[in-house]
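Here is a short guided tour to read alongside the coordinates. Have the viewer open and colour the chains by confidence if you like.

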Amino acid sequence: MKYYLYCVAETISSETQLPLGIMGAGVRFLKFADLTVVVSEFDRDVVSLNRENVLAHEAVVRAIFAESTPLPFRFATIISEAKLRSFIESRKASLAERLSLVRHAAEMNVKIIWPRTLDKAKEDKLTIGVGAGAAFLQAKRRELVGDEELESAANEIGGWLASGVRSCVRQQSLNIQPKQKLVVAGAFLMDRTRESDFRTVIGQLEQERSELHFLTSGPWAPYTFANIDLEFETQFGVS
Amino acid sequence: MSSPFEQVMIGSDVEFAQDAELSLLETLDHVLSRGLVITGEITISVADIDLIFVGLNVLVSSVETAHEVLRERGRREIGDIESGQ
């Protein structure tokens, strides 16, 4: 028998109201000592990526999240009962440790968009009247200096955000991409009771730097903080 | 605690996306690219093409390509054994 996996959590009440799962499947709990895995019985090997299935996955995770803080599985994880049992057995300690880290916590996400764009007109003006070789070198130099400036400015924003929310969060994960409009994507693990404080801090930061656009979402189950180890390298020889 | 579907806040002058679209994008971002991974157990179908998700960085390959890579690797290993390497 195969299972579609939604999440793993510390003990969940059997009274928990659950929505229907992927493709209308019923959702049930599998108990492994102190851990409960939330699953649907599934007789296929592949899940279609569509809006309904993605929302169904998230709806089940969210129903559990209303009562406890689970570690969500990534969408479309389908596994045999034997493999699931083996996974839980071999990762019991890591799962327990990770569940303890996220207990009573939620994930908030903040994305920052900045207005930096290349000043094309200025560039064109600089290259008028020089030969092709000199123009190329000028462009290269501008690119290098520009990259450094962008990276420094992007890191400064990331650091400013991290420092601003530090008092509210337990753990954070920042992704900084200087060359993108969406320059900073931050995931923050915080105690559920701090959501309001977190939003207040983000509001203050928005006022402080009005040139930046903030996209804030949450609370989510801790998707970003769920992984316990990387098996990728050992199984596939690459990382 | 409120639902994230209602809580996406957009800077006042960001006009290129609607709340609902952002909420769905955020959901996709979480559900597809994050979460606990049991490597090699994820296969999804997009427009009737089966794709394998491997590892944490969402390396995606078509099932057909992955099978071909595995078959090729198998042929190489058999070749190595036969040539005594």
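## Where the sheet begins

In which sense do β1(A) and β3(A) pair, and over how many bridges? The two strands are antiparallel, and eight bridges hold the pairing. One pair to look for is E10(A), whose bridge partner in β3(A) is L35(A). Please keep in mind throughout that this is a predicted model.

β3(A) has another partner in strand β2 (residues 28-32) of chain A, which runs antiparallel to β3(A) and is joined to it by five bridges. Here K31(A) is matched with T36(A) in β3(A). A hairpin with two residues between the strands links β2(A) and β3(A), and A33(A) in its turn has a positive phi of about 55 degrees.

## Strands further along chain A

β9(A) is another good strand to follow. Strand β7 (residues 105-113) of chain A and strand β9 (residues 182-191) of chain A run antiparallel, with nine bridges between them. A105(A) has D191(A) in β9(A) as its bridge partner.

β9(A) also pairs with strand β8 (residues 169-176) of chain A, in the antiparallel sense and over seven bridges. Within that pairing, N175(A) stands opposite A185(A) in β9(A). Five residues make up the hairpin connection from β8(A) to β9(A). As a reminder when you look at any of these strands, side chains in a regular strand alternate between the two faces of the sheet.

## Two helices to compare

Chain A holds six helices and ten strands in total. In α1(A), 15 residues span 21 Å from the first C-alpha to the last, close to the 21 Å expected at 1.5 Å a residue. Its buried residues are N53(A), V54(A), A56(A), H57(A), E58(A), V60(A), V61(A), R62(A), I64(A) and F65(A).

What is the distance between the end C-alpha atoms of helix α2 (residues 81-102) of chain A? They are only 26 Å apart, although a straight helix of its 22 residues would reach 32 Å at 1.5 Å a residue. Look at R91(A), where α2(A) bends by about 70 degrees. The buried residues of α2(A) are L84(A), F87(A), L95(A), R98(A), L99(A) and V102(A), and they pack against several strands of chain A, including β1, β3, β7 and β9. Just after this helix, H104(A) takes a positive phi of about 60 degrees.

## Inside chain A

Of the 239 residues in chain A, 33% count as buried. Among its contacts between residues at least 6 apart in sequence, 75% join residues at least 24 apart. The largest nonpolar core has 57 residues, and those with the most contacts inside it are L5(A), Y6(A), C7(A), V38(A), I64(A) and L71(A). β1(A) gives the most to this core, with seven residues. Leaving aside residues up to four places away in sequence, C7(A) touches V38(A), V61(A), I64(A), P70(A), L71(A), P72(A), F73(A) and A221(A).

Why does H57(A), in helix α1 (residues 51-65) of chain A, count as buried? H57(A) is buried because 29 C-beta neighbours lie inside 10 Å, where the cut-off is 20 or more. Beyond residues up to four places away in sequence, H57(A) touches Y6(A), I22(A), F75(A) and, in the other chain, V31(B). The C-alpha atoms of H57(A) and L71(A) are separated by 13 Å, with the two residues 14 apart along the chain.

## How far to trust it

The model scores ipTM 0.77 and pTM 0.76. Chain A has a mean pLDDT of 86, with 88% of its residues at 70 or more. Within chain A, confidence is highest in β5(A), at a mean of 96, and lowest in helix α6 (residues 232-236), at 43. Residues 230-239 of chain A stay under 50, and the model has 13 contacts for them beyond four places in sequence.

Chain B averages a pLDDT of 62, and 25% of its residues score at least 70. Its highest mean is 79, in helix α2 (residues 19-33) of chain B, while strand β1 (residues 9-10) of chain B is lowest at 39. Over residues 1-17 of chain B the pLDDT stays under 50, with 28 contacts in the model beyond four places in sequence. Residues 55-59 of chain B are also below 50, and this stretch has ten contacts beyond near neighbours in sequence. Where pLDDT is low, the predicted coordinates should not be read in detail.

How values were computed
Residues numbered from 1 in each chain as written. Chains lettered and ligands numbered in written order. Predicted model: local features only at pLDDT ≥ 70, side-chain atom pairs only at ≥ 80, totals over all residues. Pairing = 2+ DSSP bridges. Helix = DSSP H or I, 4+ residues; strand = E, 2+ residues; numbered from the N terminus. pLDDT = per-residue confidence, 0-100. Contact = placed C-beta atoms within 7 Å. Buried ≥ 20, exposed ≤ 12 C-beta atoms within 10 Å, placed from the backbone. Expected span 1.5 Å × (residues − 1). Bend = angle between axes of the 7 residues up to and from the residue. Core = buried A, V, L, I, M, F, W, Y, C linked by C-beta atoms within 7 Å.
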